[in-house]
Amino acid sequence: MDLFDLGLVFATLRLAAPLAAAAMGELLAERSGVLNIGIEGMMLCGALAAFAIGTATGSPVLASLAGSLTGVAAAALFAVFVLWRRADPIVTGTALNLFALGATGSAYRLLYPPEVPLSDAPAVADWLPGLNPFVVGTALLVVGVGAFLSYTRAGLAVRAAGERAEAAHSQGVRVAAARWGCTLAGGACAGLAGAMLVLWISNTFVEGMTSGRGFVALALVLFGGYRPGRIVLGALLFGAANALQFRLQALGLEIPYALLLMTPYLLTLLVLALFAGRVRAPSDLARPFIARE
Amino acid sequence: MLRVELTELRKRFGSVQALDGAGLEIAAGEVHALLGENGAGKTTLVRALYGVVRPDSGSIRIDGELVQLRGPRDALELGVGLVHQHFMLVPELSVAENLALGERGGLLLGPRALRSHAAGILERYDLGFRPDLRVGELSVAQKQRLEIARALSRGVEILVLDEPTAVLVPSEIDSLLELLSRLREQGCSVLFISHKLDEITAVCDRVTVLRNGRNVATREVPGIELRELGELMVGSELPPPGQPPRTQVGPVVLRARGLTTPPLVGVDLELRAGEVFAIAGIDGNGQTPLEEVLAGVRVLESGSLELVQPPLALISGDRQRTGLVLGLGLDENLVLEEAARGGAPPEYRFGLVRPRELRRSASAAIERLGIRAAPDDPVRTLSGGNQQKICVARALRRDPCALIAVNPTRGLDVRATAQVRDELRAQAERGAGLLLISTDLDEVLELANRIAVLFRGQLYPVAPAEHTRERIGELMLGGAAA
């Protein structure tokens with residue numbers, strides 16, 4: 001097996017797409033002023049729902065839909081605490097992640113006891129080699145989020161709500177609606193990313209299978225300077241590094257595999273940090289907004 | 001025809017009654033002035049008219065129609081626009097984006113539509129900047145013009161300006177006043193909040209005076225007297241209860257020469273032992289820069305400051321931000337300053353805290369000033385009055401020779417106010433020099449042996465014979481500068 005071939009490109013896309021989708025969800029939320037730390041948990045919930053509906057119905061479309069909707073539900077839980085009750089987003093997001101890890105694990109063991117033979121989740125097959133529906137879907141999502149933020153009236157309102165909520169409100173922008181909407185849409189993206197892991201990459205559910213991808217998405221948004229294009233570049237870089245280290249492991253070089261596993265994270269951080277320069281987060285990010293006194 | 005009628009508005013924030021039955025009427029094509037001291041309720045009143053503050057009771061009529069404003073959206077719909085004191089622009093966005101923000105229209109908003117929409121407005125209101133400029137790069141006056149243009153472009157016919165001239169230099173003020181008269185000719189109604197009498201007489205038709213959340217009077221502006229307005233604004237019904245300290249004035253303890261840092265211009269002052277020297281004036285005329293210069297946290301452009309007789313102590317004008325560490329206990333706040341300076345407070349030995357001593361000194365301060373708290377209560381949990389007393393107690397710990405107090409009784413109730421003032425008076429009687437920077441005229445008259453008025457960064461001494469409410473009120477409004 002060669003180190004570089006077309007297969008490496010396909011593997012890169014496969015590893016990058018879920019990250020890019022989750023990062024778009026995070027981007028939407030953050031641009032509206034909501035720091036959504038719970039993206040990892042939302043992915044995990046989406047993954048389990050996609051697995052359950054997928055094995056039950058055999059339909060990847062229904063399974064993806066279930067994944068997204070479960071992501072929305074988890075995001076709604078987050079929004080109730082953060083936007084309605086004005087809880088701290090870091091604490092709430094961390095709690096949500098821990099809750100999602102425990103809840104999906106328990107639910108999985110209850111739903112699928114070890115003695116029952118387990119069927120695979122339906123696989124989403126490639127249309128052409130390397131051209132998976134999820135790749136197309138993620139690309140559309142990235143373009144759509146970018147266009148929404150830059151070229152629509154609602155996108156302008158979202159950006160203003162994230163930068164100066166009070167100023168936006170004083171011009172008649174519905175700040176709370178913008179933040180709720182973006183948080184829920186972000187949950188849908190995260191849930192979809194979770195579904196991708198199940199329906200495209202591993203075809204089964206494993207406890208804690210997101211393994212930090214939600215946090216990588218979080219970092220991508222920040223280091224990508226809150227711009228969709230750069231975020232996708234970051235995701236591709238991470239995907240490529242990851243695909244490459246799998247190859248290196250397969251080649252059986254005498255490098256400790258833990259070191260190889262670490263390299264994509266390290267490389268992504270390094271490159272993004274170099275390009276990050278002066279990244280400026282939205283000014284009102286993670287600041288609660290009270291419309292009326 | 002009346003465009004706006006506000007009647008009997010009441011609004012309470014916590015323990016403060018911001019509006020206590022205030023009202024206001026604005027006719028069509030009128031420039032109406034709203035005058036009042038700090039805390040009189042002017043801003044709350046206009047924020048109620050803009051739907052940002054929900055009044056507890058009272059009614060708002062616009063064009064004769066009783067309305068319930070759920071937010072700025074409703075107000076804008078009815079043709080009411082507010083230009084806040086702190087601009088409501090998004091500095092990170094472009095001029096064009098700020099102009100489009102909140103406008104209704106099609107779903108899509110591409111760069112071309114954005115630019116042409118903005119260009120139209122910028123041309124109509126004669127604003128000479130590019131639509132794609134980031135608002136953060138505009139000057140203060142440009143931002144203000146942009147806000148006004150944005151409101152007018154949205155069909156606003158009742159324009160409210162909250163202290164628009166406080167942030168402008170004189171030439172900019174002139175062009176703003178010109179703009180207001182032009183708006184009146186076009187049939188717009190304008191509500192103009194200002195402290196400055198010359199501005200009011202220059203452009204306004206009528207003036208409403210607010211005091212303690214109530215309206216005191218509404219007058220026709222032509223032919224009105226400066227003295228009468230000053231009197232209406234500060235009120236003259238309460239005689240000052242205390243008297244300035246009667247002491248022997250000693251040598252100079254603090255001397256400043258030509259202090260200059262915007263907006264202060266060449267401020268000279270001398271503070272002598274045993275006297276209370278008060279600097280009166282309306283907020284925003286340079287009080288905060290002056291405090292910062294005296295505290296040593298602001299760099300001077302020119303001028304010098306000499307502490308002839310240390311130690312110096314400061315009672316900060318913002319107890320929550322610079323006066324106290326809210327998360328620490330009362331006892332820790334008391335010793336913090338000395339401990340941090342590397343001094344040797346009796347509560348510490350070899351750099352270690354002595355808990356019993358700390359407790360004892362905190363209890364002493366509690367008893368002396370009547371603070372209602374335990375020694376180790378976090379300062380955050382205490383009332384404003386109790387917090388202020390901690391600041392006072394700390395300032396007095398080292399028996400300062402020069403004491404600076406900035407609005408030492410702001411936000412305190414009558415009793416706490418009297419206690420703090422008695423403490424300060426006692427300091428002067430002990431032989432300390434007290435520099436009182438206060439926007440509260442009652443306080444100035446009650447404590448000061450010597451008074452000066454700070455107006456637009458300059459200090460105007462007031463002769464002892466002129467220590468009257470009327471004369472100082474006039475000076476606070478710019479009577480000496482005119």
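Q: Are H2(A) and H8(A) parallel, perpendicular or oblique to each other, and which word fits?
A: This is a predicted model, so let's start from its computed geometry. Helix H2 (residues 39-57) of chain A packs against H8(A) at an angle of about 50°, with the axes 7 Å apart. Angles under 35 degrees count as roughly parallel and 65 to 115 as roughly perpendicular. The pair is therefore described as oblique.

Q: Which residues of H8(A) does H2(A) meet, and what is the handedness of the crossing?
A: On the H2(A) side, the contacting residues include Ala47(A), Ala50(A), Phe51(A) and Gly54(A). Their partners in H8(A) include Gly187(A), Ala190(A), Gly191(A) and Leu199(A). As H2(A) passes H8(A), the crossing is right-handed.

Q: How is H3(A) oriented relative to H8(A)?
A: Helix H3 (residues 60-84) of chain A packs on H8(A) with axes 6 Å apart and an angle of about 140°. Only angles over 145 degrees count as roughly antiparallel. That makes H3(A) oblique to H8(A).

Q: Which helix gives the most residues to the largest nonpolar core?
A: The largest nonpolar core holds 234 residues, and those touching the most other members are Ala20(A), Ala23(A), Ala47(A), Val160(B) and Leu436(B). The helix that gives the most to this core, with 16 residues, is H8 (residues 175-202) of chain A.

Q: What does Leu436(B) contact beyond its neighbours within four places in sequence?
A: Leu436(B) is among the core residues that touch the most other members. Its contacts outside that sequence window are Val276(B), Phe277(B), Ala278(B), Ile279(B), Ala405(B), Val444(B), Leu447(B) and Ala448(B).

Q: Is Glu8(B) buried, exposed or partly exposed?
A: Glu8(B) is found in strand S1 (residues 2-13) of chain B, and its phi is near 50°, a positive value in a residue other than glycine. A residue needs 20 or more other C-beta atoms within 10 Å to be buried, and 12 or fewer make it exposed. Glu8(B) has 14, so it counts as partly exposed.

Q: Is Asp399(B) buried or exposed?
A: Asp399(B) is in the loop between helix H13 (384-396) and strand S18 (402-406) of chain B, with a positive phi near 45°. It has 12 C-beta neighbours inside 10 Å, so it counts as exposed.

Q: Where is Pro263(B), which is joined to Pro262(B) by a cis peptide bond?
A: The bond joining Pro262(B) and Pro263(B) has an omega of about 0°. Pro263(B) is found in the loop between strand S11 (252-261) and strand S12 (264-272) of chain B.

Key: Residues are numbered from 1 along each chain as its sequence is written. Chains are lettered from A and ligands numbered from 1 in the order in which they are written. This is a predicted model: local features need pLDDT of at least 70, side-chain atom pairs count only at pLDDT 80 or more; totals for chains, interfaces and linings use all residues. A nonpolar core is a set of buried Ala, Val, Leu, Ile, Met, Phe, Trp, Tyr and Cys residues joined through C-beta atoms within 7 Å. Helices (H or I, at least four residues) and strands (E, at least two) are DSSP runs, numbered from the N terminus. Two residues are in contact if their C-beta atoms, placed from the backbone, lie within 7 Å. Axes are lines fitted to C-alpha atoms, for helices over the stretch in contact, and angles run from 0 to 180 degrees between N-to-C directions. A crossing is left-handed if the near helix is turned anticlockwise from the far one by less than a right angle, and right-handed if clockwise.
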